[in-house]
Amino acid sequence: MAVNLSAILLLAIAAIFIVKAKAGGIGPAVVLFLLGFFTAGTGADEPIRDLCASVFNFLAGLRP
């Protein structure tokens with residue numbers, strides 16, 4: 001588990017730099033894919049899904 005958390009931390013830092021630099025290509029895509037893969041493996045996938053569902057439900061409620 002400690003290896004997953006450190007990998008997530010390093011990949012998250014790399015993802016921040018990728019987004020700020022607006023980089024594209026195979027390398028940044030692999031980094032972002034691995035960040036999602038390791039994050040899902042930590043058990044953080046359910047709170048993230050709940051957050052996304054809450055945001056989408058809120059946005060759906062704004063429509064008249």
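In this predicted model, the protein exposes about 5100 Å² of surface, and carbon and sulfur atoms supply 74% of that area. As for what gets tucked away, buried residues make up 14% of the 64 residues.

Now the fold. You'll find 3 helices and 0 strands here, and reading along the sequence gives the pattern α-α-α. The radius of gyration is 15 Å, well over the 11 Å that the globule rule gives for 64 residues, so the protein is more spread out than a compact globule. Put a box around the C-alpha atoms, along the principal axes, and it comes to roughly 45 × 30 × 15 Å.

Here are the whole-protein values side by side:

| Property | Value |
|---|---|
| Exposed area | about 5100 Å² |
| Share of exposed area from carbon and sulfur | 74% |
| Buried share of the 64 residues | 14% |
| Radius of gyration | 15 Å |
| C-alpha box along the principal axes | roughly 45 × 30 × 15 Å |

So much for the overall picture; on to the inside. The largest nonpolar core has 6 residues: Ile 8, Leu 11, Ala 15, Ile 18, Val 31 and Leu 35. Two helices, α1 (2-21) and α2 (26-41), each supply at least two residues of this core. The largest share, 4 residues, comes from α1.

Leu 11 is a handy residue to click on if you want to look around this core. Leaving aside residues up to four places away in sequence, Leu 11 touches Val 31, Leu 34, Leu 35 and Phe 38. Among these partners, Val 31 and Leu 35 are listed in the core too.

Conventions: Residues numbered from 1 in each chain as written. Predicted model: local features only at pLDDT ≥ 70, side-chain atom pairs only at ≥ 80, totals over all residues. Heavy atoms only, no water. Rg over C-alpha atoms; globule rule 2.2 N^0.38 Å. Buried < 20%, exposed > 50% of the residue type's maximum accessible area, 1.4 Å probe, protein only. Areas by Shrake-Rupley, 256 points an atom, 1.4 Å probe, with all protein chains shown as cover. Core = buried A, V, L, I, M, F, W, Y, C linked by side-chain atoms within 4.5 Å. Contact = heavy atoms within 4.5 Å.
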